Amino acid sequence: MSTPITVAYGDGIGPEIMEAVLSILREAEAKISIDIIEIGKRVYNKDWSHGISPSGWESIKRTKILLKSPITTPQGKGHKSLNVALRRNLGLYANIRPCISYHPVIENKFDKFNIVIIRENEEDVYTGIEHRLTGDSYQCTKIITRSGSEKICRYAFEYAKKHSRKKVTCLTKDNIMKMTDGTFHAAFDRIAKEYPGIQAGHYIVDIGMARVATEPENFDVIVTENLYGDILSDIVAQTSGSVGLAGSSNIGSEYAMFEAVHGSAPDIAGKNIANPSGLLNAAVHMLIYIGQTDIAKLIYDAWLKTLEDGIHTIDLYKEEKSKQKVGTKEFAEAVIDNFGKRPGTLPELIIGSGENNKVNKTQDGYEQDYKTRNLVGSDITLAWGKSAGLDQIVKLFGSSNPKVIAIYSKGLAIWPGSSKSSSDQITCRFIANNEKKAITNSDVNNLLITLEENSFDVVRMDKLYLYDGKEGFFS
């Protein structure tokens, strides 16, 4: 019985590498039935802002699996990222990017390493929530949830368990972002206790990335937030010798998308020189996901044998090591010719035991982790002239309830103190006074009214809460 999948040819080199990959899948007798949709630049030009039509969405929601070539997102004109739209709408919370050293066939600065990066895919600054607050200041909202953090960390440990991996490492910046990245790190530590047979470790992201870039052999599975994972996966893919070899899986509770890591490379489109390996590796991941592990291994081992034989596309070709420079189609034909052969130097594909390699033990939903939540204040951001004084704010709110206890400019306290605002916005922190430990929404509204009546320009307001007596805010 064949598995239905949706296929999107994409832009630039997308159609060429997709055709090469599909020819390999056909010859390998993969049990799939294909529904082709159009995405990308041509669809953007038809005024679908995300680069996909309603019929394209219908196909994906019917098959639940998308094999996708890279696309080009037009700049300006309100066009939105298709990848972000797919991840959000399909609930693709986990991005999995295996990065493997193909030494000595493909040159790199290291010997052997085999890292899987598991990147949270729905949160962080990639939610795309941005605002211009004033003439000088802009903000990007970073969203991290406890439930989402636990979900991706559990996926990472389940993946490690399923694929016989020994270690999971978490990367965050919780020495600075104590609440957002601190939540992710705390979730990792909680989930790690459920997997005593797997080594767990944590690095601050800057030194962690530096160590991955210089000693990749010491890492196994890495789990991290959206932005860090995006940066890290390209670093490690390049460390392996070529970004063009890396495939990517985007997994959700119901849907899955498989794609190459690289972009659409329009400058070489139509020249039959693009390397289809990244998309081919994505297709191998897809076959494993749908339980066709024998076909996945047949293709992957043949691909490794092709690399070992020195049959390389132009991006990998080295006169002293390669034997034959081939085009996109010819490379696919060489892989097909190597069906049934095994690599001699590079490690064969090893697939975990079980009926298939889906990681299913994750949990959706949120369970409340506090008993009481009390409103105790508000951070109110104002558009601010650099020559303006703070005296009027202090006079109006120095003894009110809530009262102003601090004024910040880009996180630096400028009152109390003698520093001056370095931007055209300031943030005033109002906290319930000593006579009243909690305030009401009406108290906050009255603050806003008073500011308005005194010609202050409010551009942002955040309420401040205590959760079981613990501050739910930080600065």
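Helices (H or I, at least four residues) and strands (E, at least two) are DSSP runs, counted from the N terminus. The structure discussed here is a predicted model.

## Helix H3 and the residue after it

Helix H3 covers residues 54–63. Its buried residues are Gly56, Trp57, Ser59, Ile60 and Thr63. Looking down the H3 axis, these buried residues fall within an arc of 160°, so they line one face of the helix. Glu58 and Arg62 are exposed on the other side of H3. An α-helix has 3.6 residues a turn, so residues three or four places apart point the same way.

What does the buried part of H3 pack against? Three strands and a helix are involved: E1 (3–8), E2 (32–37), E3 (65–68) and H4 (82–89).

Lys64 comes just after H3 and takes a positive phi of about 70°. The residue sits in the loop between H3 and E3. Is Lys64 buried, partly exposed or exposed? Its relative accessible area is 29%, so Lys64 counts as partly exposed; the partly exposed class lies between the 20% limit for buried and the 50% limit for exposed.

## Helix H7

Helix H7 spans residues 205–214. Here the buried residues are Val205, Gly208, Met209 and Val212. Down the axis of H7 they fall within an arc of 95°, so these residues too line one face of their helix.

The cover over the buried residues of H7 includes four strands and one helix. The strands are E5 (114–120), E8 (167–172), E9 (199–204) and E10 (221–224). The helix is H8 (226–239).

## Nonpolar cores

In soluble globular proteins, nonpolar side chains tend to be buried together. In this model, the largest nonpolar core has 76 residues. Leu25, Ile118 and Trp303 have the most contacts inside it. Which helix gives the most to this core? Helix H9 (residues 277–289) does, with nine residues. Another core, of 17 residues, lies apart from the largest one. Cys99, Phe219, Val236 and Ala246 are among its members.

Trp303 deserves a closer look. Leaving aside residues up to four places away in sequence, Trp303 touches Tyr102, Leu245, Ser277, Leu280, Asn281, Phe331 and Val335. Trp303 also belongs to an aromatic cluster, together with Tyr102 and Tyr300.

## A buried asparagine

Asn250 lies in strand E11 (residues 247–251). Is Asn250 buried or exposed? Its relative accessibility is 0%, so Asn250 counts as buried. The cut-off for buried is under 20%.

Its side chain makes polar contacts with two other side chains. One is to Asn121, at 2.9 Å. Another is to Arg87, at 3.5 Å. Arg87 and Asn121 also appear among the residues that Asn250 touches, not counting those up to four places away in sequence. The rest of that list is Leu92, Ala94, Asn95, Tyr255, Ala256, Met257 and Glu259.

## Aromatic rings

A search of the whole structure finds eleven aromatic pairs. One of them is Phe397 with Phe430. The ring centres are 5.1 Å apart and the planes are at 85°, so this pair is edge-to-face. The two residues come from distant parts of the chain, 33 residues apart. Phe397 is in helix H12 (residues 391–397), and Phe430 is in strand E18 (residues 425–431). Both Phe397 and Phe430 are buried.

Two lysines lie over ring faces. Lys325 lies over the face of Tyr317, at 5.0 Å from the ring centre. Lys167 lies over the face of Phe219, with 5.8 Å to the ring centre. Phe219 is also one of the residues of the 17-residue core.

## Backbone details

Two cis peptide bonds lead into prolines. The bond from His103 to Pro104 is cis, with omega near 5°. Pro104 is in the loop between strand E4 (94–100) and E5. Asn401 and Pro402 are joined by a cis bond as well, with omega about 0°. Pro402 is in the loop between H12 and strand E16 (403–409).

Ser164 has a positive phi near 55°, in a residue other than glycine. Where is Ser164 placed? The loop between helix H5 (146–162) and E8 holds it. With a relative accessible area of 56%, Ser164 is exposed.

Key:
Residues numbered from 1 in each chain as written. Predicted model: local features only at pLDDT ≥ 70, side-chain atom pairs only at ≥ 80, totals over all residues. Heavy atoms only, no water. Core = buried A, V, L, I, M, F, W, Y, C linked by side-chain atoms within 4.5 Å. Buried < 20%, exposed > 50% of the residue type's maximum accessible area, 1.4 Å probe, protein only. Contact = heavy atoms within 4.5 Å. Arc of directions from axis to C-beta. Polar contact = N/O pair within 3.5 Å; in protein donor to acceptor, adjacent residues only side chain to side chain. Phe/Tyr/Trp six-rings, centres within 6.5 Å; stacked < 30°, edge-to-face > 60°. Lys NZ or Arg CZ within 6 Å of the ring centre and 35° of its normal.
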